[in-house]
Amino acid sequence: MTGQMVGPYEVVEKLGEGGMGVVYKARDTRLKRMVALKFLSAGNSDSSGRRRFLREAQAASSLNHPNIVSIFDLGEESDSVFLVMEYIEGKSLARLIPKTGLPLDTALAYARQIADALRVAHQAGIVHRDLKPGNVMQGADGRLKILDFGLAKVEIVHDDDDATATIGMTVKGGFLGTVAYTAPEQALGKTVDRRADIFSFGILLHEMLTGARPFQGISPFAVMHSITFGEPTLLRSVNPKLPASLESLILRALEKDPAKRFQSMDDVLAGLTAESAAAGHPPTAAPPPSSPSFAPLSAVSSLSRYPSGPPSSDSESVPLAVLPFLSLSADPEDSYLAIGIASEIIRALAGVPRVRVASQVASFRFQGGSPDLPAVAAALRVRYVVTGSLRRAANRIRVIAELADAVEGTMLWSYTYDRGIEDIFAVQEDIAHAVAGATGGQLIREHASRASFAAPENLDAWGLVHKAYHFINQSYNLQGINEAITLLRRAIEIAPNYSAAHAFLGLYLIQRIINSASENPIQDRADALAAAERAMQLTPAEPEVLENSGLVLLHCSRYDKSVQVLRRAVKIAPFNLVAWGYLGLALGWGGEDAEIEEGERILARVIDGTPDHPSMPYWLYFRSGALVRLGRLEDALEATHRSIELQPRFTLVLVAMANVLGHLGRNAEAMEVIGQVLALNPQTNQDAYLTELTHITRSRERAEPHFAGLIKAGIFHP
């Protein structure tokens with residue numbers, strides 16, 4: 001199929017073949033990105049195989065977690081059904097595990113990511129049934145992603161190691177899974193639940209720590225017999241240096257009787273967190289004094305840290321250094337250009353909120369070759385380091401920029417920028433702006449991810465705020481919003497004068513209202529406004545406070561003040577992209593003609609300039625509303641599609657999509673989309689939606705483009 005078009009997807013190459021189908025790398029010609037296409041194999045295309053493929057694909061597509069590969073779409077082509085999935089450029093865990101096993105801290109860090117992903121899947125009622133190293137990928141950002149959620153194999157597929165053959169039957173009571181990683185009840189063809197995944201996880205963890213699986217055999221059936229009736233190889237018989245408590249954890253996961261195992265991944269995750277802490281690598285603790293400083297997520301008593309006030313601004317700042325970029329060109333003049341770009345990046349990053357950038361004088365001491373990043377980080381007292389290279393060809397240059405976590409020794413992202421150099425100073429500024437925006441977005445994600453692993457009782461006020469952020473951005477649902485509000489109220493109890501906690505509380509109270517989840521929207525709105533005003537009173541020049549308070553003001557019918565506050569936020573911190581997005585929303589939805597156009601331009605700029613920012617689905621939603629007001633309906637529809645691909649649980653953008661479809665006369669499609677909305681949030685209703693629109697737009701006349709399509713489609717009543 002290489003070179004063929006499948007709908008809007010251009011097939012680039014075959015990636016592999018599994019029990020249920022064939023996977024190809026493809027280019028999405030609409031969204032200009034790479035995806036993976038998984039086709040149901042011919043042997044499974046009968047009605048029963050097709051139904052199972054579709055049913056389980058629908059279930060898996062509901063998952064939204066940073067450690068689970070996303071499913072974007074489901075399509076049909078020439079009587080063949082296929083999935084459109086996130087494409088991961090990286091290595092499988094099978095290739096990452098050395099023969100002697102991973103270092104303890106690395107194995108535990110990987111294990112926590114996998115366990116948290118399984119926890120979320122199990123909460124959604126999905127059992128993986130085929131967890132193994134080959135189904136876990138590490139992307140370019142260093143994060144693990146689990147593949148094939150809920151897509152069990154249905155035929156025998158051999159690879160180089162017969163013990164990892166995947167065996168399946170379509171008959172009732174047939175076995176599904178990979179021999180070496182299957183649970184005993186699974187091997188016997190019995191009904192399985194989440195505890196089968198826990199058994200597979202125990203095998204995987206043993207292998208990560210030792211390089212070998214706990215059950216061995218000369219054939220797949222010998223391995224199956226060992227799993228079903230034999231005893232596992234003890235962890236410490238392979239590596240005596242590993243802790244006995246970790247061996248006990250694995251043995252409990254490998255109990256043959258499911259009733260004696262851990263009963264949930266929450267229990268497993270709690271055990272892993274304790275092991276990390278005991279090993280000196282707590283996921284929520286600051287590094288030891290000899291390591292570079294990092295904003296603390298302390299495991300000590302929060303009350304003792306902040307008895308009366310908020311964290312210091314220095315403790316909240318992310319320590320970052322930009323090293324001189326390396327020229328790979330023969331022309332010595334290009335070395336000056338490379339250094340100039342790094343200098344511009346340092347200046348640009350000074351405008352990113354919550355980032356403390358090492359001075360150019362300090363960081364440019366480390367020039368040339370491949371610097372020892374841990375040594376650089378220790379010398380400059382930073383955690384994150386931006387490095388890069390430049391290569392020229394004729395009148396074009398290619399700049400590769402990378403962001404690394406020098407403490408963990410992992411690359412967080414890498415971007416390539418190709419530019420013409422007719423105006424060299426404009427090129428330097430353009431690349432610097434792109435790198436600064438991408439850096440800010442990635443650091444937001446890293447903070448939230450770190451906090452998400454911690455139990456709330458082990459977090460200080462700073463950690464609680466960032467854990468709340470993770471709930472909103474990775475678990476966008478009503479439960480997540482309510483949990484975020486609970487975390488923020490606790491943060492304020494710990495640190496009453498912590499302005500960011502007040503600002504985020506106001507923001508998430510508004511989120512609860514606009515998602516029709518508030519039992520008392522009048523009270524929640526009043527509390528949100530009070531929280532925003534308190535936050536601005538505490539720190540009137542703090543960009544993060546201004547950005548969140550600006551959005552709260554917009555949803556409380558304070559349009560003029562909202563725009564004023566948001567303009568101030570971006571003036572103080574020009575690379576506060578979240579504030580720019582909120583300003584685009586305010587102008588694009590609530591402004592007059594010239595303001596609408598300004599808002600749309602702002603949103604187009606942040607969307608095009610920072611494609612990997614965690615706020616992307618929300619920016620796309622904001623832009624869709626501005627485009628509707630400008631009458632650009634097809635563009636608005638594309639924006640809603642892109643948004644929902646990134647955040648499938650975002651019901652507001654689904655409502656916006658239905659509105660655009662109604663405007664376009666595609667009423668049946670609009671009704672289908674509203675069905676998805678009600679499935680995700682049955683409390684969605686016309687009155688609440690129109691009330692919120694009126695708050696944002698200030699009048700029913702301005703709000704009309706946002707709901708007229710819903711009326712045309714027969715979803716709303718006039």
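Two helices count as roughly parallel when the angle between their directions is under 35 degrees. Keep that cut-off in mind as you tour this predicted model.

**Stop 1: two helices side by side**

Select residues 194-210, which form helix α5, and then residues 265-278, which form helix α9. The two pack at an angle of about 25°, and their axes lie 11 Å apart. That angle falls under the cut-off, so α5 and α9 are roughly parallel to each other. Turn the view until one helix lies in front of the other: α5 passes α9 in a right-handed crossing.

Now show the side chains where the helices meet. On α5, pick Ile198, Phe201 and Leu205; on α9, pick Met265, Val268 and Leu272. What kinds of residue make up the contact of α5 with α9: nonpolar, polar or charged? The count is six nonpolar, no polar and no charged.

**Stop 2: a three-stranded sheet**

Next, look for the open sheet, whose three strands come in the order β7-β8-β9 with antiparallel pairing. Strands of a sheet pair through backbone hydrogen bonds, so try displaying those bonds here. Select 91-92 for β7 and 144-146 for β9: these are the edge strands, and each pairs on one side only. Then add β8, residues 136-138, which three bridges join to β9. To see one pair across these two strands, click on Met137, which stands opposite Lys145 in β9.

**Stop 3: the helix on the sheet**

Finally, select residues 104-123, helix α3. This helix packs on the sheet and touches β8 and β9. Compare directions as you rotate: α3 makes about 35° with β9.

Methods:
Residues are numbered from 1 along each chain as its sequence is written. This is a predicted model: local features need pLDDT of at least 70, side-chain atom pairs count only at pLDDT 80 or more; totals for chains, interfaces and linings use all residues. Side-chain values use heavy atoms; hydrogens and water are left out. Axes are lines fitted to C-alpha atoms, for helices over the stretch in contact, and angles run from 0 to 180 degrees between N-to-C directions. Helices (H or I, at least four residues) and strands (E, at least two) are DSSP runs, numbered from the N terminus. Angles under 35 degrees count as roughly parallel, over 145 as roughly antiparallel, 65 to 115 as roughly perpendicular and the rest as oblique. A crossing is left-handed if the near helix is turned anticlockwise from the far one by less than a right angle, and right-handed if clockwise. Contact means heavy atoms within 4.5 Å. Ala, Val, Leu, Ile, Met, Phe, Trp, Tyr, Cys and Pro count as nonpolar, Asp, Glu, Lys and Arg as charged, and the others, Gly among them, as polar. Two strands pair if DSSP finds at least two bridges between them.
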